[in-house]
Structures are given as C-alpha cells and as structure tokens.
Amino acid sequence: CSSGADGAVHRACHAQENSVILRFFAAALLVYAFGFLGFAVSLPKPLAGEPTDAVIVLTGGPGRIARGLSVVQGDAEADLVHYPDDAFDYAILGQTIQMVDRPAEVIDALLRVGRSAFISFPNFAHWRMRVALGLGGRMPVTPALPESWHATGNIRNLTVVDFKELVSDRGARIERAWYFGKGREIGEFGANLRAEFALFLIGRG
C-alpha cells in the first residue's frame, strides 16, 4: 500500500494488514493450546492399586499450602473417598483432626489411601489448658490454641492419651511420635502434660 493511494485503497490495505496480524496471533494461541494439551495428557498418572512416590495433604480446606513439596492437597472429609486404595506412600493430616466431624473414619480413610499417615494436633491436656479450665473456669486461649472458643475451628478437643487410644481402637499402630513444647521438641516422658503439640506417624496394624 503506497502513500499515494486514495482513501478507500488505504483503508483496505490497513484492514488486510490487521487481518494478517490477527491470524498470526490466533495461530500462535492455537499452537500454545495444543502444546499445553499434549503436556497435560503426557503427565504420568498413578497406576490403579499401585503406591506412588507421592504425598497427599489433608488440611480441612483449600489454600493452606503456599509452597513446598509437590503434593496433592484436599479436604480431609470430602476428598478421601475419591482416591483408590494404596494410592500414596504417605498421607498428612496437619493440625486438622480436631476440626473434623468423624475423626475415627478419617483415620481409617487415611490408612486406606496411604501406607502410613502423619497426624498432628494441639494437645488439650497441656498444663496451660488444665490451669485455664481448673483455676480460671474458662476455655483456654494459649499459644497452641490462640483463638477464643467462639472463633476457633476446633470441634474435637483431644489429648495425647486420647489419640493413642483411638489409634489402637481403629486397629492401627503408632510407628513414631514427636512432642513439642515452647517451639522445641521434648521427650516422651510426661508428654500428655508437657506437650503443646504432638505429631504421630501411624501405620496399619
């Protein structure tokens, strides 16, 4: 399109150039879409009934993992039913068992989809809890349970002893246990009184 062309020809030239540009971007977008589709289809998938080198993290709700391991994240009570048996090496239930309606059934499901499960929770038998209830007569607010009773999502207050009994009742076994107080690991002696948080690795019985 030369500069000496009249108005109609000039507009036609610009329209043709715009059409070429649009076709170019459309073709590039199509190539990208097919490339992404091919990538998604080629991703490896777990074999039915075969454990994978993977972890499923159950948190009670979405959006609680910002970064870290490549994991499958889901809701502890809603999503476990969708996974086949032995789909994962480990299941992780972090600070959530006290928030679910049916903790016994959740433990059963964790050990169905995973070979083992890590479960952590605040220990309601910690001495600060006992003092708040015994002397103060009020639901405790502590570093381990920082929210007031009406704001917390905790609906099942459990202790180290309670959890051990539940694991045994479900026919599972405790493989390892870690206890924490004041931000550091403490020994097992008197853990039900001294531990603010507990972490257990449990397996099938």
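## A walk through the fold

The protein chain has five helices and seven strands. The model you are looking at is predicted. If you follow the sequence from start to end, the helices and strands come in the pattern α-β-β-β-α-β-α-α-β-β-α-β. Of the chain's 205 residues, 31% count as buried. The chain exposes about 13,000 Å², and carbon and sulfur atoms supply 60% of that area. Among contacts with a separation of 6 or more, 65% join residues that are 24 or more positions apart.

Let's go inside. In soluble globular proteins, nonpolar side chains tend to be buried together. Here the largest nonpolar core holds 28 residues, and those that touch the most other members are Ile97, Leu110, Ile119, Phe163, Tyr179, Phe200 and Ile202. Which elements give two or more residues to this core? They are strand E3 (88-94), helix H2 (103-113), strand E4 (114-122), helix H4, strand E5 (172-181) and strand E7 (197-204). Helix H2 gives the most, with six residues.

Phe163 is a good residue to find in the picture. Phe163 counts as buried because its relative accessibility is 0%. Leaving aside neighbours within four places in sequence, Phe163 is in contact with Ile97, Ile107, Ile119, Phe121, Leu158, Phe200 and Ile202.

Next, look at the aromatic rings. The structure holds seven aromatic pairs. In one of them, the rings of Tyr90 and Phe118 have their centres 5.6 Å apart; their planes are at 35°, so this pair is tilted. Tyr90 lies in strand E3 and Phe118 in strand E4, so the pair ties together parts that are 28 residues apart in sequence. Are these two residues buried or partly exposed? Tyr90 is partly exposed at 36% relative accessibility, and Phe118 is partly exposed too, with a relative accessible area of 23%.

Another pair brings us back to Phe163. The ring centres of Phe121 and Phe163 are 5.1 Å apart with planes at 40°, so this pair is also tilted. Because Phe121 lies in strand E4 and Phe163 in helix H4, the pair ties together parts that are 42 residues apart in sequence. Phe121 is buried, with a relative accessible area of 0%. Ring pairs also link Phe121 and Phe163 with Tyr179 and Phe200 into a cluster.

Phe121 leads us on to a loop. Thr159 touches Phe121, along with Asn123, Phe124, Ala125 and Asn192, not counting residues up to four places away in sequence. Where does Thr159 sit? Its place is in the loop between helix H3 (127-134) and helix H4 (160-169). Residues under 20% relative accessible area count as buried, so Thr159, at 14%, is buried. The side chain of Thr159 reaches the backbone nitrogen of Val161 at 3.4 Å.

Arg156 is found in the loop between H3 and H4 as well. Arg156 is partly exposed, with a relative accessible area of 38%. Which residues does Arg156 contact, leaving aside its neighbours within four places in sequence? They are Ile97, Gln98, Val100, Asp101 and Pro103. With Asp101 there is a polar contact: the side chain of Arg156 reaches the backbone oxygen of Asp101 at 2.5 Å. Finally, compare positions along the chain and in space: Arg156 and Thr96 are 60 residues apart along the chain, while their C-alpha atoms are separated by 9.7 Å.

Key: Residues numbered from 1 in each chain as written. Predicted model: local features only at pLDDT ≥ 70, side-chain atom pairs only at ≥ 80, totals over all residues. Heavy atoms only, no water. Helix = DSSP H or I, 4+ residues; strand = E, 2+ residues; numbered from the N terminus. Buried < 20%, exposed > 50% of the residue type's maximum accessible area, 1.4 Å probe, protein only. Polar contact = N/O pair within 3.5 Å; in protein donor to acceptor, adjacent residues only side chain to side chain. Contact = heavy atoms within 4.5 Å. Core = buried A, V, L, I, M, F, W, Y, C linked by side-chain atoms within 4.5 Å. Phe/Tyr/Trp six-rings, centres within 6.5 Å; stacked < 30°, edge-to-face > 60°. Areas by Shrake-Rupley, 256 points an atom, 1.4 Å probe, with all protein chains shown as cover.
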